[in-house]
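Here is a friendly walk through a protein model for someone who works at the bench. Please keep the sequence and the 3D view open as you read.

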Amino acid sequence: MKTLHRLLATMALLPWVASTHAATLTMNGWLFGSGHTVNVSAPTYRGLAGGFKGTLSGLSDTRFNNALVEMYCVDLAESLDTSPGRTYSVKMAGEPGTAVFTLMPASALFSTAVVDRLARLVSLVEGTPTWVDTSQESTSMQLAIWNTIYDTDVSLTGGTFNDASSHAAYANSLLAASVGTPVTQDLYVLRSVGQPGKQDQLIWIQRVPEPATWVLVALALGGAAGARRWRPQG
C-alpha cells in the first residue's frame, strides 16, 4: 500500500514538473546579417549595434513560441553571445525554477511613458516594415530604442543620450515618425539577473484587441450590414 501511495504521489507531481521546465531561446545572429559601429555617450559605448534574431520554444504562453523572434538590446552594461545555435534557458515571470532569462512585460522594468514611446516606435516599424529592412536601418533602430530608454527627447543629437555615428540621423527620423503612431504591439523583455547577467533583450508580439473593442467592431459591422439591407422606398 505504501508503494502505491508513493506512486500516486509521484504521478500527481509529474504535471507540475512538466509545466515548470525552462523553455529555450536559440540565437541566430544579427537580424539583417551584421551590425554597425556606433559611438554613444551617457552611458558610453563604442561598438557594433543592431537587432538580433532567434527562436523561442517550450514556453507555457504559446504566443511567444515563434519561428522568428526579433530582439534589440535594452542595456549597455552587459553582453550576450548571439552566435547562431547559442541557446539560453527561459521561463515566464511568476513561474518557479531558475533560468538565464525571465520573460516579463516591459512595464515591469520601465515607466509608463517609456513603454508607450517604445511601443509606438516598434508599432511604426511593424506597420511599415520598409522602415527597418537593412542592417544599417537596424543599427539606427537600436539607437532609437536606447535613446527612448536613456533619454526623454526624440533626438540622438540633443539631450543626455547622444550618438556621433552616421546612423544617428536615421534614428532621429524613426523617433520623429513614431510620435503619434497607434500602438499595435505589446512589449516584453527577456530579463537576466545573474552575476554577471546577460544583456536584456526587448521583444514584442501583436496586441490582441480587448473584448470591448471586438464588441464595438461587431456592432459597427452589424450596423453597416443593416444599412445595406434597408433601402428607402420611392
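The report below goes from the barrel to a hairpin, then to a helix and to some salt bridges.

This is a predicted model, in which local features need pLDDT of at least 70 and side-chain atom pairs count only at pLDDT 80 or more, while totals for chains, interfaces and linings use all residues. Residues are numbered from 1 along each chain as its sequence is written, and side-chain values use heavy atoms, with hydrogens and water left out.

**The barrel**

Seven strands form a closed barrel in the order β1-β4-β5-β10-β9-β7-β6, with mixed pairing. On average, neighbouring strands of this sheet are turned by 40° against each other, direction ignored. Helices (H or I, at least four residues) and strands (E, at least two) are DSSP runs numbered from the N terminus, and two strands pair if DSSP finds at least two bridges between them. Strand β1 (residues 23-30) is antiparallel to strand β4 (residues 52-57), with five bridges, and here leucine 25 stands opposite leucine 56.

Two helices lie across strands of this barrel. Helix α2 (residues 112-127) lies across β5 (69-73), β9 (185-191) and β10 (201-206), at about 110° to β9. Helix α3 lies across β5 and β10, at about 55° to β5. Axes are lines fitted to C-alpha atoms, for helices over the stretch in contact (heavy atoms within 4.5 Å), and the angles run from 0 to 180 degrees between N-to-C directions.

**The β2-β3 hairpin**

Strand β2 (residues 36-41) pairs with strand β3 (residues 45-49) in the antiparallel sense over five bridges, and asparagine 39 has arginine 46 as its bridge partner in β3. Three residues lie between the strands of this hairpin, where alanine 42 takes a positive phi near 60°. β2 also runs antiparallel to strand β8 (residues 162-163), joined by two bridges; one of the residues involved is serine 41, whose partner in β8 is asparagine 162.

In a regular strand the side chains alternate between the two faces of the sheet. β2 has a covered face of His36, Val38 and Val40, and an uncovered face of Thr37, Asn39 and Ser41.

**Helix α3 and threonine 139**

At 1.5 Å times one less than its number of residues, the 16 residues of α3 (residues 135-150) should span 22 Å, and its end C-alpha atoms agree at 23 Å apart. Because 14 of its 16 residues are buried, α3 is largely enclosed by the rest of the structure. Buried means under 20% relative accessible area, exposed over 50%, and partly exposed in between (1.4 Å probe, protein chains only).

Which part of the structure holds threonine 139? Threonine 139 is in helix α3, and it is buried, with a relative accessible area of 0%. Its side chain reaches the backbone oxygen of alanine 49 at 2.7 Å. Leaving aside neighbours within four places in sequence, the contacts of threonine 139 include His36 and Val38, both on the covered face of β2.

**Salt bridges**

The whole structure has five salt bridges (a side-chain nitrogen of Lys or Arg within 4 Å of a carboxyl oxygen of Asp or Glu). Among them are these:

| Acid | Base | N to O distance |
|---|---|---|
| Aspartate 61 | Arginine 63 | 2.8 Å |
| Aspartate 186 | Arginine 207 | 2.7 Å |
| Aspartate 200 | Arginine 191 | 2.6 Å |

The pair of aspartate 186 in strand β9 and arginine 207 in the loop between β10 and α5 (211-229) links distant parts of the chain, 21 residues apart. Aspartate 200 is buried at 2% relative accessible area, whereas arginine 191 is partly exposed at 29%.

Methods: Polar contact = N/O pair within 3.5 Å; in protein donor to acceptor, adjacent residues only side chain to side chain.
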